[in-house]
Protein chains: 2
Amino acid sequence: MSSTHTHSKKNQSLTKNQRIVLDLLQNSGEPLKAYFILDSLKKEGLNSPLQVYRALDKLVELGKIHKIESINSFIICNNSNCASNTAFTICERCGKVKEIKNKYLKDSVSDLVKDNQLEITRYNLEFYVLCKSCKIN
Amino acid sequence: MSSTHTHSKKNQSLTKNQRIVLDLLQNSGEPLKAYFILDSLKKEGLNSPLQVYRALDKLVELGKIHKIESINSFIICNNSNCASNTAFTICERCGKVKEIKNKYLKDSVSDLVKDNQLEITRYNLEFYVLCKSCKIN
DNA sequence: ACCTCTAATGTTATACTATTACATATGTAA
DNA sequence: TTACATATGTAATAGTATAACATTAGAGGT
Ligand SMILES: [Zn+2]
Ligand SMILES: [Zn+2]
Ligand SMILES: [Zn+2]
Ligand SMILES: [Zn+2]
């Protein structure tokens, strides 16, 4: 079973608990809270908070999901290579969260970092907005 | 006692609880947790979490302190006019937090926002670093 | 196959963070 | 004064996360 390529490691190495938590977040697409995940996955055999938190921790570490600290929630990564750099917009009215595509963001952040003489290892940027539907209503 | 000028309102309007919580954060200069604040201020007459949280909420609203979400802690504002825009460096090793002076940051953020076509109402930026003393050791 | 080591699991209990609810008091403005 | 908004005090409870310990599953080397 070690005929695999290097790049497949990350996908294959997910354990059962990690996989079902990731699937839930993937299918949801929006931020979910740990205890909501727990309730949702009772039927899958997750019985204790720790089982959820351990899976979440690992998935965060792998960069497959992100934690949005201000709402104690977890969301599937919407990019392919965030590493541990994250950037979100959060609607101030309805709480809707979107991960900002880091394709273009990177250069902007680099400039900002350079301009302010920071030596950073990673970053987390939270931009509060009024989402489209909230702007209308 | 209402002979005051308009601009002094914000300072004078602090209530007793708000004042003693603010003083503690001011004197500390580093991020403090709500229950630590509670313990520290037992002798000042604060007996319940709610008394602390209410003071903290108000001080955050006034922009006098900021909450650092990722560590559930509160820190005195190091700028004069953050409004609700915040930017911190956080040491990945020892957890030391510093607020970034927003004097220069503002333009950089404006550029970033413009480049990424965001319409934001405010922001919170967290830059993870290795602080000087951690870099040495 | 066997041993070894590391990572993950299962379970219980507990720690930490924050809010609800309700009664009371205080300050401010008409 | 009356009315209103804001702040307080207190108790109970909700929500978030980790410690501790025993057990199991996988990966790698021999
Ligand atoms: Zn991502
Ligand atoms: Zn919205
Ligand atoms: Zn500030
Ligand atoms: Zn440090």
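# A tour of the zinc sites and helix contacts

Start with chain A, which has six helices and six strands. This is a predicted model. Read from one end of the sequence to the other, the elements of chain A run α-α-β-α-α-β-β-β-β-α-β-α. Show the C-alpha atoms alone: those of chain A fill a box of roughly 45 × 45 × 20 Å along the principal axes. Chain A contains 137 residues, and 43% of them are buried. Of the contacts in chain A with a separation of 6 or more, 49% join residues 24 or more positions apart.

**Stop 1: the zinc ion (ligand 2)**

Select the zinc ion (ligand 2) and display the side chains around it. Which residues coordinate the zinc ion (ligand 2)? The donors are the SG atoms of A:Cys91, A:Cys94, A:Cys131 and A:Cys134, at 2.2 to 2.4 Å. Along the sequence these donor residues are spaced C-x2-C-x36-C-x2-C. Colour A:Cys131 and A:Cys134 by accessibility, and both come out as buried.

Next, look at the angles at the zinc ion (ligand 2). The four donor atoms subtend 107 to 114 degrees, so the arrangement is tetrahedral. For reference, the ideal angle for four tetrahedral donors is 109.5 degrees.

**Stop 2: the zinc ion (ligand 1)**

Now select the zinc ion (ligand 1). Its protein donors are A:His66 (NE2), A:Cys77 (SG), A:Cys82 (SG) and A:Glu99 (OE), lying 2.0 to 2.3 Å from the ion. The spacing of these donors along the chain is H-x10-C-x4-C-x16-E. Two of them are worth selecting as a pair, since they link distant parts of the chain: A:His66 sits in strand S2 (residues 65-68) of chain A, while A:Cys77, 11 residues apart from it, sits in the loop between strand S3 (73-76) and strand S4 (86-91).

Are A:His66 and A:Cys77 buried or exposed? A:His66 has a relative accessible area of 4%, so it is buried. A:Cys77 also counts as buried, at 14% relative accessibility.

Why is the arrangement around the zinc ion (ligand 1) called irregular? The angles among its four donor atoms run from 95 to 138 degrees, which makes it irregular. A tetrahedral site needs all angles between 85 and 135 degrees.

**Stop 3: helices H2 and H4 of chain A**

Hide the zinc ions and select residues 16-28 and 49-62 of chain A, which are helix H2 and helix H4. Their axes come within 9 Å and cross at roughly 75 degrees. H2(A) and H4(A) are therefore roughly perpendicular to each other. From H2(A), the contact is made by A:Asn17, A:Gln18, A:Val21, A:Leu22 and A:Leu25; from H4(A), by A:Gln51, A:Ala55, A:Leu56, A:Lys58 and A:Leu59. By class, the residues of this contact are six nonpolar, three polar and one charged.

Zoom in on A:Gln18, which belongs to helix H2 of chain A. Its relative accessibility is 13%, so A:Gln18 counts as buried. Leaving aside residues up to four places away in sequence, A:Gln18 touches A:Ser13, A:Ala55, A:Lys58 and A:Leu59.

**Stop 4: the zinc ion (ligand 3) in chain B**

Move to chain B and select the zinc ion (ligand 3). The ion is coordinated by B:His66 (NE2), B:Cys77 (SG), B:Cys82 (SG) and B:Glu99 (OE), at 2.0 to 2.3 Å. The angles among the four donor atoms are 95 to 139 degrees, and the site is irregular. In sequence the donor residues follow H-x10-C-x4-C-x16-E. One pair links distant parts of the chain: B:His66 in strand S2 (residues 65-68) and B:Cys82 in the loop between S3 and S4 of chain B, 16 residues apart. B:His66 counts as buried at 4% relative accessibility, and B:Cys82 does at 5%.

**Stop 5: B:Asn78**

Select B:Asn78, in the loop between strand S3 (73-76) and strand S4 (86-91) of chain B. With a relative accessible area of 39%, B:Asn78 is partly exposed. Not counting residues up to four places away in sequence, B:Asn78 touches B:Glu99 and B:Lys101. Then add B:Gly45 to the selection: B:Asn78 and B:Gly45 are 33 residues apart in sequence, and their C-alpha atoms are 27 Å apart in space.

**Stop 6: helices H2 and H4 of chain B**

Finish with helix H2 (residues 16-28) and helix H4 (residues 49-62) of chain B, whose axes come within 9 Å and cross at roughly 75 degrees. That makes H2(B) roughly perpendicular to H4(B). Residues in this contact include B:Val21 and B:Leu25 of H2(B), and B:Leu56 and B:Leu59 of H4(B).

Definitions and conventions: Residues numbered from 1 in each chain as written. Chains lettered and ligands numbered in written order. Predicted model: local features only at pLDDT ≥ 70, side-chain atom pairs only at ≥ 80, totals over all residues. Heavy atoms only, no water. Donors = N, O, S within 2.8 Å, 3.2 Å for Na, K, Ca; no water. Tetrahedral: all angles 85-135°; square planar, octahedral: opposite > 155°, others 65-115°. Buried < 20%, exposed > 50% of the residue type's maximum accessible area, 1.4 Å probe, protein only. Helix = DSSP H or I, 4+ residues; strand = E, 2+ residues; numbered from the N terminus. Axes fitted to C-alpha atoms, helices over the stretch in contact; angles between N-to-C directions. Parallel < 35°, antiparallel > 145°, perpendicular 65-115°, else oblique. Contact = heavy atoms within 4.5 Å. Nonpolar A, V, L, I, M, F, W, Y, C, P; charged D, E, K, R; others polar.
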